[in-house]
Amino acid sequence: MRHSNKGSDRFLLWSVSIVMMLLALSTIYPIIFTFGTALKSTREFIRRGFSWPLSPTLEKFTTAWTTIQLDKYFINSLITTVTGVAIVLIVSSLAGFALAQLRFPFRRTIFVFLLTGLMIPVQVVMVPLFQIIVNLGFLNSRLGLGILYGAFFSPFGIYLMTSYYSALPKELSEAAHVDGASTFQIYRLIMLPLGRPALITLGILTTLSCWNDVLLSLLVLQEDRTLMVGIASLRGEYGADIPLVAAAVIIGAAPVIAVFLAFQRKILGGIMVGSVKG
């Protein structure tokens, strides 16, 4: 009986492993395929199509980075992403601490009101949002786009941090308050270090969202471009030069892939952060 159970367990393990391996290959293959295309010259791509390059060259990467100004677009994306992530982390950690650990009137009402930001698609508020952008002077401003990212991604961050801080024992803050610590000292010295795992997860997810954004960037930066918008525009301007477009895609995806590979454990571990008891 035990041998049969072990045999069935091994079969199940191998079956799951094979399925997961195939799924992994289906995810990795497009990246390898795009990278191989980017290493070709235009002539070789026309002659050999989508086969692996015989004479690999970095010519298309150099052209994409300099001639098409992806270096400038990269800086734009970096500035807007860093600004947006910083705003989300600061606002979410402060609001999450207040909503989870402090007691004040209409606390739950405010929390529910903030969560409505998760339910409203950006396409629904495009017209009034554009009017607000113009009135605030955010049009064609990289800093303005970063602030807009902070406003749009903060509701999820507040929900995440509120759920995380709600799971922490309130005796910690109460004991610190009895010892004479102020509310801000409790936040800075106790809650902020304890909330580091959730903040790292939130920072990674927000970074991916800001970096990959196209819609809000098109709305704000009408005289300039972020990296993803610049890459998307290549389909019209350089649509015939497939290796050049592939090189630009690899350049745009490289930071995202690097962030995911560096913090994949924290991303997977933080997925459940928001599902703890609140």
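Here are some questions and answers on how this predicted model is described.

Reader: What am I looking at, and how are residues numbered?
Author: This is a predicted model, where local features need pLDDT of at least 70, side-chain atom pairs count only at pLDDT 80 or more, and totals for chains, interfaces and linings use all residues. Residues are numbered from 1 along each chain as its sequence is written, and side-chain values use heavy atoms, with hydrogens and water left out.

Reader: How many helices and strands are in the protein chain?
Author: The chain has 13 helices and zero strands. Helices (H or I, at least four residues) and strands (E, at least two) are DSSP runs, numbered from the N terminus.

Reader: What makes D241 and K60 a salt bridge?
Author: A salt bridge needs a side-chain nitrogen of Lys or Arg within 4 Å of a carboxyl oxygen of Asp or Glu. Here the N to O distance is 3.1 Å, so the pair fits the definition. The whole structure has one salt bridge.

Reader: Which parts does the pair tie together?
Author: D241 lies in the loop between α12 (227-237) and α13 (242-270), and K60 in helix α3 (residues 59-66). The parts are therefore 181 residues apart in sequence.

Reader: What is the radius of gyration set against?
Author: The chain has 24 Å, while a compact globule of 278 residues would be near 19 Å. The radius is taken over C-alpha atoms, and the globule rule is 2.2 Å times the number of residues to the power 0.38. Along its principal axes, the C-alpha trace spans about 75 × 75 × 35 Å.
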